[in-house]
Amino acid sequence: MDPASGDTFYLTEGTSQTVTVSVTGAPTNDISIDVSIAGAEATVTPATVILTAGNSYEATFNVTAVDDTNIDGDQPFTVVVDPAVSLDINYSGQNLSDINGVALDNDVAAPPPAPAQVTPVPTLPLFGILALSGLLGLFGMFGMRKTKA
């Protein structure tokens, strides 16, 4: 099997990998092998490969990493390879190892909102402060005068 059983392969979300299954020798009958995915991060098509004399006892299936919108990091999955089914006793029940895969996350977080614009607080220049102090002082002096009745 290529990629080899037991190896790990990596797929970016939305991309596919073709896996080839073949046998050595010449089976006396067709061989059927079911494949599936453990986990929700990938799919496999077709779900059954059939090795026949007509295809030189070689068949392929595709593994596709699901292109989701979740920002969930890289996620592992397993291509589960069921035991072979055949009338040829030399191949019937033979079980290839499962294949490990990793779906590489291609989703990114939205950028943070722009910081709020800080509006500067208006300040009085030194001359304004002195003028205001003088006016307040004058009002204070007039407020203290008593008027006679």
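## Glutamine 94 and its surroundings

At 48% relative accessibility, glutamine 94 counts as partly exposed, because that class takes in values between the limit of under 20% for buried residues and over 50% for exposed ones. The model in which this residue is seen is a predicted one. Glutamine 94 has its place in the loop between strand S8 (85–86) and strand S9 (99–104).

Leaving aside residues up to four places away in sequence, glutamine 94 touches Pro83 and Ala84. The C-alpha atom of glutamine 94 is separated by 8.7 Å from that of aspartate 82, a residue 12 residues apart from glutamine 94 along the chain.

## The chain as a whole

The protein chain has 1 helix and 9 strands, and their order from the N terminus on is β-β-β-β-β-β-β-β-β-α. The chain consists of 149 residues, of which 24% count as buried. Its accessible surface comes to about 10,100 Å², and 60% of that area belongs to carbon and sulfur atoms.

Among the contacts in the protein chain with a separation of 6 or more, 65% are made by residues 24 or more positions apart.

## A sheet of three strands

Strands S2, S6 and S4 form an open sheet of 3 strands, arranged in the order S2-S6-S4 with antiparallel pairing. Strand S2 (16–22) and strand S4 (42–45) are the edge strands, each of them pairing on one side only, and the twist from one strand to the next averages 25°.

Strand S2 and strand S6 (residues 58–65) run antiparallel and are joined by 7 bridges. One place where this pairing can be followed is serine 22, whose bridge partner in S6 is glutamate 58.

## Backbone features in the loops

A cis peptide bond, with omega at about -10°, joins threonine 45 and proline 46. Proline 46 lies in the loop that runs between S4 and strand S5 (48–51).

The loop between S5 and S6 holds serine 56, and tyrosine 57 is found in the loop between S5 and S6 as well. Serine 56 is not a glycine, yet it has a positive phi of about 55°; phi of tyrosine 57 is near 55°, again a positive value in a residue other than glycine. Are these residues buried or exposed? Serine 56 counts as exposed, because its relative accessibility is 60%, whereas tyrosine 57, at 12% relative accessibility, counts as buried.

## An aromatic pair between S1 and S7

The count of aromatic pairs comes to 1. The rings of phenylalanine 9 and phenylalanine 77 have their centres 6.0 Å apart and their planes at 80°, so the pair is edge-to-face; the reasoning rests on the rule that planes over 60 degrees apart count as edge-to-face.

This pair links distant parts of the chain, since phenylalanine 9 belongs to strand S1 (residues 8–12) and phenylalanine 77 to strand S7 (residues 75–81), with their positions 68 residues apart in the sense that they are 68 residues apart. Both phenylalanine 9 and phenylalanine 77 are buried.

Note on methods
Residues are numbered from 1 along each chain as its sequence is written. This is a predicted model: local features need pLDDT of at least 70, side-chain atom pairs count only at pLDDT 80 or more; totals for chains, interfaces and linings use all residues. Side-chain values use heavy atoms; hydrogens and water are left out. Two strands pair if DSSP finds at least two bridges between them. Helices (H or I, at least four residues) and strands (E, at least two) are DSSP runs, numbered from the N terminus. Axes are lines fitted to C-alpha atoms, for helices over the stretch in contact, and angles run from 0 to 180 degrees between N-to-C directions. Buried means under 20% relative accessible area, exposed over 50%, partly exposed in between (1.4 Å probe, protein chains only). Contact means heavy atoms within 4.5 Å. Accessible areas come from the Shrake-Rupley method with a 1.4 Å probe; for residues, only the protein chains shown count as cover. Rings of Phe, Tyr and Trp (its six-membered ring) pair if their centres lie within 6.5 Å; planes under 30 degrees apart count as stacked, over 60 as edge-to-face and the rest as tilted.
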